[in-house]
Amino acid sequence: MQVDMPQVLFKNRHLGRPATIDEYRAGGGYEALRATIGKRTPAEVLQLVLDADLRGRGGAGFPAGRKWQGVPVDHVGPRYVVINTDEMEPGTFKDRILVNADPHLVIEGIVLCAYSIGASEGVFFIRPSYEGDAVLIEQECRVARENGYLGKNILGTDFSFDVHVHRSAGRYICGEASAQIKAISGQRPNPRKGGPRTAVKGLWDCPTIVNNLETLANLPGIVRNGPQWFKSLARSATGSGTKLYSVSGQVAKPGCYELPIGVTIREIIFEHAGGMAPGKTFKTVIPGGASTPYLPESLLDLEMDFDPMRAAGQRFGTASLMVFDQGTCLVGATLSLIEFFARESCGWCTPCREGIPYIRELLRRLEGGEGTEEHIAMIQDMLPVLDAAYCAFAPGAAEPVRGLLTHFMDEVRAHITEKRCPFGNPPPSLRGKACGTRPIQFGPTPCPEDQCPI
Amino acid sequence: MLPEALEKELHRLVAAVPRPREAAVDVMYVLQRHYGYLCDEAMHCAARVLGMTTLELESLATFYDYLYRRPVGRYVIHVCDSVVCWMFHQDSIFDYLCRTLGVPPGGTSEDGLFTVLPAACIGNCHNAPTMLINGRFYDRLTPERIEAVLAELRQGIEEPVRCK
Ligand code: SF4
């Protein structure tokens with residue numbers, strides 16, 4: 001736990017248990033709501049969020065206030081807030097830690113958003129491996145309701161809003177906003193392309209704001225202390241607020257840390273996460289979750305912020321840092337990432353459904369020592385094809401491969417010249433059972449074992 | 001015919017949401033717990049309670065990772081095979097489990113106890129490598145720890161209800 005850095009989201013974090021409503025209130029919790037409902041106009045709340053320049057913490061980094069502005073003012077009928085708690089990307093676990101640290105901070109943030117956009121109902125979308133969090137949030141919503149912060153006539157005003165939990169049955173693509181809305185409405189969760197934004201036409205065809213849980217948890221602080229305070233929390237010139245950084249891999253103290261936006265990657269890894277694990281030497285880090293490229297050591301002093309990262313050809317993403325040491329084979333690591341993307345593809349569009357397994361096969365050959373120079377060119381040819389996919393999933397899958405080919409080509413070539421993995425990894429196993437001559441592959445269209453045509 | 005209490009539970013789930021189809025996953029979860037997996041009978045019950053077609057439900061049941069349209073073991077092991085877990089166990093926890101239980105990926109051990117499935121990152125990367133068994137996290141895995149966990153689970157078996 002950090003004590004030397006301003007703790008806003010983790011202010012009430014205790015080891016091993018969530019903060020109670022009384023602990024939350026003792027530190028000023030629900031004061032933002034009291035000062036807002038019936039006292040400020042929804043437009044004033046929106047203006048605070050716009051002035052604070054709060055950007056989405058779920059990966060895309062879109063300004064939250066601008067998203068809310070998309071809700072048509074003249075819409076008659078229900079409006080919804082969907083709280084996206086579907087983090088399933090390798091390396092990312094911040095939302096789970098946050099719900100477990102301070103559930104009422106999250107609830108207050110949700111109600112403030114609802115007030116600003118005039119929503120009457122919220123849906124807490126939660127992935128299956130976080131069942132414990134689903135139970136916790138249901139219980140704490142009851143507590144909030146009993147205390148007048150949620151439900152009918154909040155704090156005695158005529159504003160009513162309630163939240164319920166929607167349990168997902170687990171698929172990475174459900175994290176995409178339009179897919180999440182389909183999932184909630186009992187449809188197969190393929191992303192929607194084109195057409196109106198979810199802010200205009202979302203759940204049950206009504207305006208719906210889908211925000212990441214961490215994004216919403218920033219609202220009580222912004223409303224209480226003002227946009228300037230929020231901006232001053234960041235260390236970089238263009239950033240605002242703090243961020244939850246999930247750090248995993250070969251570091252001494254893997255975990256989730258709240259640090260300013262704009263802190264350098266070197267500082268996160270070598271100060272807050274305790275440096276490399278004993279006996280390990282730094283090689284690279286994937287700085288923003290699995291859909292971002294490897295970062296070379298020369299960029300360790302880059303500030304973790306949306307714009308500086310983009311300018312350096314990197315992505316801020318979910319700010320989940322996965323740290324690799326010199327002894328880890330990056331061709332093997334990229335193959336592991338691509339296995340994940342190939343299996344999790346929703347299968348809706350061809351560039352993704354066919355393109356990712358194609359790259360997987362080439363990486364498998366390279367890692368197994370059967371690769372040739374030509375295979376590298378074939379991967380390079382395929383990468384732009386992924387960019388032509390239907391949603392951001394496939395372009396995201398291309399990022400670590402691009403990073404590998406840009407910064408670690410020597411390592412790839414060593415596999416070709418040595419005709420084996422120079423790190424001594426065994427040849428990669430096929431993820432599947434021999435069925436006739438083909439293995440079963442987990443993915444969008446698993447081979448029906450009992451009806452195998454071969 | 002479903003037991004009365006179960007029928008009531010399903011109707012309660014449907015009534016708790018704005019439109020019945022929002023409860024599709026919840027209803028299938030309950031039926032899956034009852035039958036052991038989503039057999040045809042379970043799918044028909046779900047369709048009846050939700051007012052959806054079995055085809056619509058089929059497109060969900062075959063899509064999601066935590067709904068099982070084929071029989072599974074008493075314990076479903078979701079093995080995280082994300083890159084973080086991989087880097088701590090490059091020989092692959094997933095392959096190790098398949099080998100030690102004598103099952104192919106997605107298969108069920110001969111005693112009907114364990115099904116091994118790959119999972120998207122389960123959000124426990126700081127305790128890698130990890131797996132999830134019937135919703136419970138097991139972390140910092142080593143082959144020895146896996147053996148100990150399996151032995152423990154073999155002790156506490158209850159016979160689940162099964163489709164005929
Ligand atoms: S890019 Fe992949 S995940 Fe996105 S719609 Fe196409 S197949 Fe589905």
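Here are some friendly questions and answers about this predicted model.

Me: How many helices and strands does chain A have?
Reply: Let's begin with chain A, whose C-alpha atoms fill a box of roughly 70 × 50 × 35 Å along the principal axes. Its secondary structure mixes both kinds of element: 18 helices and ten strands.

Me: Why is chain A said to be as compact as a globular protein of its length?
Reply: The globule rule gives 22 Å for 454 residues. Chain A comes close to that value, so it is as compact as a globular protein of that length, with a radius of gyration of 23 Å.

Me: What pattern does chain B follow along the sequence?
Reply: The C-alpha trace of chain B spans about 45 × 30 × 25 Å along its principal axes. Chain B has seven helices and four strands. Read along the sequence, they give α-α-α-α-β-α-α-β-β-β-α.

Me: How many residues does each chain bring to the contact, and what area do they bury between them?
Reply: The contact takes 45 residues from chain B and 60 residues from chain A. Carbon and sulfur atoms carry 59% of the buried area, and the two chains bury about 4300 Å² between them.

Me: Which three residues of chain B supply more of its buried area against chain A than any other three?
Reply: Think of the area that chain B buries against chain A. The leading three residues supply 17% of it, and they are B:Glu22, B:Phe63 and B:His126.

Me: Which residues form the salt bridge across the interface?
Reply: The rule finds one salt bridge between chain B and chain A. For this kind of pair, the nitrogen and oxygen must lie within 4 Å. The closest N and O atoms here are 3.7 Å apart, and the partners are B:Asp65 and A:Arg171.

Me: Which element gives the largest share of the side of chain B that touches chain A?
Reply: Between the two chains, 15 residue pairs are in polar contact. Several elements of chain B each supply at least two residues of the touching side, including α2 (24–35), α4 (54–61) and β2 (114–119). The largest share is five residues, and it comes from α5(B).

Me: Which residues are closest to the ligand?
Reply: There are 13 residues around the ligand. By class, this shell has eleven nonpolar, two polar and no charged residues. The closest are A:Cys346, A:Trp348, A:Cys349, A:Cys352 and A:Cys391.

Note on methods. Residues numbered from 1 in each chain as written. Chains lettered and ligands numbered in written order. Predicted model: local features only at pLDDT ≥ 70, side-chain atom pairs only at ≥ 80, totals over all residues. Heavy atoms only, no water. Near = heavy atom within 4 Å. Nonpolar A, V, L, I, M, F, W, Y, C, P; charged D, E, K, R; others polar. Contact = heavy atoms within 4.5 Å. Buried area = accessible area lost by both parts, 1.4 Å probe. Salt bridge = Lys/Arg side-chain N within 4 Å of Asp/Glu carboxyl O. Polar contact = N/O pair within 3.5 Å; in protein donor to acceptor, adjacent residues only side chain to side chain. Rg over C-alpha atoms; globule rule 2.2 N^0.38 Å.
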